Amino acid sequence: MFQYYFMLGLRSLRRNPALTALMVLTLAVGVAASIATLTILHVMSGDPIPHKSDRLLVPVIDNGPLAGYTPGEEPNDRQLSYRDANNLLANKVAERSTALYGISVAVEPARKELPLFNARGLAPTSDFFNMFDVPFRYGAGWSPAEDKAAADVVVLSRQLAEKLYGDSDPVGQRLRINSQQYQVVGVLDKWNVVPRFHRIIGTPDGAFSDEDELYVPFATSVRHEMQRNGNSSCSSDIAPGYQAYLDSECTWIQFWFELRSARERGALQDYLNSYATEQRKLGRLQRQAPNKLYDVREWLDYMKVVGNDNKLSAWLAFGFLILCLVNTIGLLLAKFSVRAAEVGIRRALGASRREIFQQFLIETTVIGLAGGLLGLLLAFGALALIAMQSKALTVVAHMDWLMLLLTFALSVLAAVLAGLLPTWRACQTTPALQLKSQ
């Protein structure tokens, strides 16, 4: 019986292909728009490293000037001074810790056909790679000893390594950067955490960007006075020289702790408060603002990774889906309302209300399924195009499957309800009156 009604439903839909196509397309566009928009929002706002996000913490110490300060005011910068970063690194109060900042360098390829080009990267300490589970295709990160010696070593992204060396393993090769020779010690593999990772530890403007192209030790970048990639809050009256620039109270170093357990957060907060008190006694920190720690999710919120405009886009996408569903319901109501005579004839020939409901239920479900499936295909196509533009974005890995199923179910449910309402109304009328009115 199901197969019979299914074929009957398909035959009914083929009677008016233009109207059927319009209903299916309306549903598909609504589903595709909502899924694509909400998936991108989910990628941008989700937890980039869920198995340890509560153990990765960012300290915020307000070392801004006292002039113009109002008690209770938020810190005027989210990052640390070079001096504070070095002090926290030396004290080793957590299982791992890293200081880092963005750099911009000139790369001189050994291959003659490749011209000199600029590349951007990060200058972290050796703990960085283990803290954020950075995957390696070849080699590994540098050692703590190389950190201490400010060694001339470099880790390349997979994309940059393929550009310079093709598919071969470049570990051990020498690469000229800013007129200095660096030894390649590792090449990253595909890193799915990258898009959101750059939203929370990348450049100060929080750009949604692809991965950095290279990584050099923090101390090495300082020793070679590499150009910083991003803005700083330093004033222009600092004495000439890179070390003077670093030793000033410019707040421009990003810092992360990794704890063995989230339960150690309280002890780390106590240490941070003691450190700030000590620095105030030395005359360095002047403000009395509370020192804060943020885990990954809290840091995402603090940095406003998902702004109000993005949240508004999500609501607009969901509203567009509702609009498409309402339009589809209107089309289905118009389609089934004119079939009262068909219902009357079937009732007169002995069909029960249950059998008529079953027929129309299958017919409307076919429309809802077709619209939902086409919407899914359109959504995956749109997300694939977006992923091609952002090479580091792995959409499917971060897709909110509950949201996807809910959107698909709404499209099917709307189609079913729209078909059942006129069917129910038609079934309430005596078959003789329906036939007489026709």
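These questions and answers go through a predicted model, from its overall make-up to single residues.

Residues are numbered from 1 along each chain as its sequence is written. Local features need pLDDT of at least 70 and side-chain atom pairs pLDDT 80 or more, while totals for chains, interfaces and linings use all residues, and side-chain values use heavy atoms, with hydrogens and water left out.

Me: How many helices and strands does the chain have?
Reply: Helices (H or I, at least four residues) and strands (E, at least two) are DSSP runs, numbered from the N terminus. On that basis the chain has 16 helices and 12 strands.

Me: What percentage of the 438 residues in the chain is buried?
Reply: Buried means under 20% relative accessible area, exposed over 50%, and partly exposed in between (1.4 Å probe, protein chains only). Of the 438 residues, the buried ones make up 49%.

Me: Of the contacts with a separation of 6 or more, what share is between residues 24 or more positions apart?
Reply: A contact means heavy atoms within 4.5 Å. Residues 24 or more positions apart account for a share of 77%.

Me: Which residues touch the most other members of the largest nonpolar core?
Reply: A nonpolar core is a set of buried Ala, Val, Leu, Ile, Met, Phe, Trp, Tyr and Cys residues joined through side-chain atoms within 4.5 Å. The largest one has 45 residues. Strand β3 gives the largest share of this core, five residues. The members that touch the most others are L156, L164 and L214.

Me: How many residues are in the second core, which includes L100?
Reply: This core is separate from the largest one. L56, V60 and L122 are also among its members. Its residue count is 26.

Me: Why do the buried residues of α6 line one face of the helix?
Reply: The buried residues of α6 (158–165) are L160, A161, L164 and Y165. They pack against β3, β4, β6, β7, β8 and β9. The arc is that of the directions from the helix axis to the C-beta atoms. Seen down the axis of α6, the buried residues line one face because they fall within an arc of 100°.

Me: Which salt bridge partner of E162 lies four residues away in α6?
Reply: A salt bridge is a side-chain nitrogen of Lys or Arg within 4 Å of a carboxyl oxygen of Asp or Glu. Four residues apart in α6, the two partners are separated by about one helical turn. E162 is partly exposed at 32%. The side chain it meets, at 3.2 Å from N to O, is that of R158.

Me: Is K52 buried or exposed?
Reply: K52 forms a salt bridge with D133, the closest N and O atoms being 3.5 Å apart. The pair links distant parts of the chain, 81 residues apart: K52 in the loop between α2 and β1, D133 in the loop between α4 and β5. D133 counts as partly exposed at 36%. At 5% relative accessibility, K52 counts as buried.

Me: Where does R265 lie, the salt bridge partner of D295?
Reply: The side chains of D295 and R265 meet at 3.7 Å, N to O. D295, at 11% relative accessibility, counts as buried. D295 is in strand β12, and 30 residues away in the chain R265 is in helix α10.

Me: Which residue takes a positive phi just after α3?
Reply: The residue is found in the loop between α3 and β3. Its phi is near 50°, a positive value in a residue other than glycine. At 67% relative accessibility, it counts as exposed. The residue that follows α3 is K92.

Me: Which residues does S97 touch, not counting those up to four places away in sequence?
Reply: S97 is in strand β3 (96–108). At 10% relative accessibility, S97 counts as buried. With those sequence neighbours left out, S97 touches L89, T125, D127, M131, F255, W256 and F257.

Me: Which element gives the largest share of the nonpolar patch?
Reply: Patches are made of residues with over 30% relative accessible area and no salt bridge: like charges are joined within 9 Å, nonpolar side chains (Val, Leu, Ile, Met, Phe, Trp, Tyr) within 5 Å. L25, V29, F320, L323, L374, L377 and L378 form this one, with about 590 Å² of accessible area together (Shrake-Rupley method, 1.4 Å probe; for residues, only the protein chains shown count as cover). Helices α2, α12 and α14 each give two or more residues. The largest share, three residues, comes from α14.
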